[in-house]
Amino acid sequence: MKKNFTLSQKVLLLILSCIVFTIVFSFFFLHFLYKDLYLKSIRESVIYQGERTASHYHYGTLSKEIIEKIHWYNIVSEYEIIVVDNLDELSTYFPYKVDYKALVNRHDRKQLEQGKYVMKEGYVKEFEREIIGAVFPIMGETGLIGFVYIYVPLAALQEVFQGSLPILILTGTLFFLLLVLVVNRIRQSLFQPLTEIQQFSQEVSKGNYSSRLPVRGNDEIGQLARAFNKMSSSLEEQDIRKKEFLSNVVHELRTPLTYISGYAQALKQQIYSSPEEAQQYLNTIDKETDRLKKLIHDLVDLDHLQETMYMLNKEPIAVAQLLLDTLQLFDIHIGEKKLRTEVNFQEDLIIDGDSKRIQQVMYNVIDNAIKYSCEGGLLGIHLTAENNEMVLQVTNQGIGIQEADLERIGERFFRTDKARSRATGGTGLGLSIVKEIIRLHGGTFSIRSETPEETAVTIRLPLLADPAV
């Protein structure tokens, strides 16, 4: 069965593998330095010393005085030098085998007779050490007159390594353990937050949006934790709004359905005292049915506007004319409430937009302003231009809006005055639709209520750059 490693385990294995590789590489590198560099320098030194020694006797004989000088050189030098007249005598002065073989074999003799030196290196059992040496021929005027054998033991270097080996092992072990502790601490500091993020994600996937991640720094992990906390907070807000939305939908649907069902049962069972009362029941059913239809229509319309693929049917719009046509639809309502109007239009404003949707915005804003105006109040409608933008401001005098409610204006089903919601006949979706339409046109929507009696809605939309187009 294949074992699956976690990311933390993989990183730990990777780091430990790098440490082990570094140690092994260091060992082989030291071995390379010893075998290829140090031994090479010893060989070169042996050859140099041997050739130099042999060159002193090219034109002479091996006198007793020369041999004594060689013995003295052996005392003051790390090298061992043996000088003999013939190779047979060499075995007397050096009666040992190198790597369990004779010092000079038949092939070596042929090379020496040709005036070439012979390298001899290997393990000498009697010395219990490695040696590096070479045999050099001494050439005279008449031919070979002798041989020089120079060698150097390598035991001193090995003994240094052997003596320091326990220290190296102890130091290396302590260093390795220290590295493991440091790496493990780094791994925990790096992957503990990731483990917390994983657990946090599982909680979020279960619908628990209230938990938050601890932020321990400003590094990438800290920024990721902040991003997850922000995401969780946003999801929590959306979840709250979704629950409120469902609750509001259920409430909004239950009320008209209750009316329809109740009055329908009353008519079915003939629980009424007069034909006029029965007609009143029918009127109520019809009114609630229309209200239900409008609610469903507004919900569908709002969801349609919020789709990412929704496209506007844009065309150049003379805003003043469209606003004037929309305002005329409310002449009767304005008259019923005896409202005073203050109208100020800048007639040459042209925008690029969907005329039906823009008129829907105007209708909703003016309709709300009239509904929530007090009788005999002032209704102001101003259309001006400012900084390449069309500015439509609608003000009314009536029920003001509390400051705490201003930020929630435009949320689905949100009403500032729930007691009057049925009297005004609203669904609580009108301004949500308005805000979406304005957003799709690249504009802004704002509302303020500076005094308890006055409310102002301001809509800004970009003007068409070249009206002639």
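**Strand β4 and the salt bridges**

Of the 11 residues of strand β4 (residues 143-153), 8 are buried, so the strand is largely enclosed by the rest of the structure. The model discussed here is a predicted one.

Two pairings help to place β4 among its neighbours. Strand β1 (residues 80-84) runs antiparallel to β4 and is joined to it by 5 bridges. Within this pairing, V83 is the residue opposite V148 of β4. On the side of strand β3 (residues 129-140), the pairing with β4 is again antiparallel and extends over 10 bridges. Here A134 stands opposite I150 in β4. The link between β3 and β4 is a hairpin, with 2 residues between the strands.

Attention now turns to charged side chains. The structure holds 7 salt bridges. In one of them, the side chains of R43 and E121 meet at 2.8 Å, taken from N to O. R43 belongs to helix α1 (residues 7-55) and E121 to strand β2 (residues 118-124), so this contact ties together parts that lie 78 residues apart in sequence. Are the two partners of this pair buried or exposed? Neither label fits, because the limits are under 20% relative accessible area for buried and over 50% for exposed. R43 has a relative accessible area of 27% and is therefore partly exposed. E121, at 33%, also counts as partly exposed.

A further group of salt bridges involves R460. The side chain of R460 meets that of E386 at 3.6 Å, N to O. This pair links distant parts of the chain, with E386 in strand β8 (residues 378-386) and R460 in strand β11 (residues 454-462), 74 residues apart. R460 also forms a salt bridge with E389, at 3.5 Å from N to O. Since E389 lies in strand β9 (residues 389-397) and R460 in strand β11, this second pair ties together parts 71 residues apart in sequence. Through shared partners, the salt bridges join E386, E389 and R460 into one network.

How accessible are the members of this network? E386 has a relative accessible area of 37%, which makes it partly exposed. R460 is partly exposed as well, with a value of 24%, and E389 is assigned to that class at 25% relative accessibility.

How values were computed
Residues numbered from 1 in each chain as written. Predicted model: local features only at pLDDT ≥ 70, side-chain atom pairs only at ≥ 80, totals over all residues. Heavy atoms only, no water. Buried < 20%, exposed > 50% of the residue type's maximum accessible area, 1.4 Å probe, protein only. Helix = DSSP H or I, 4+ residues; strand = E, 2+ residues; numbered from the N terminus. Pairing = 2+ DSSP bridges. Salt bridge = Lys/Arg side-chain N within 4 Å of Asp/Glu carboxyl O.
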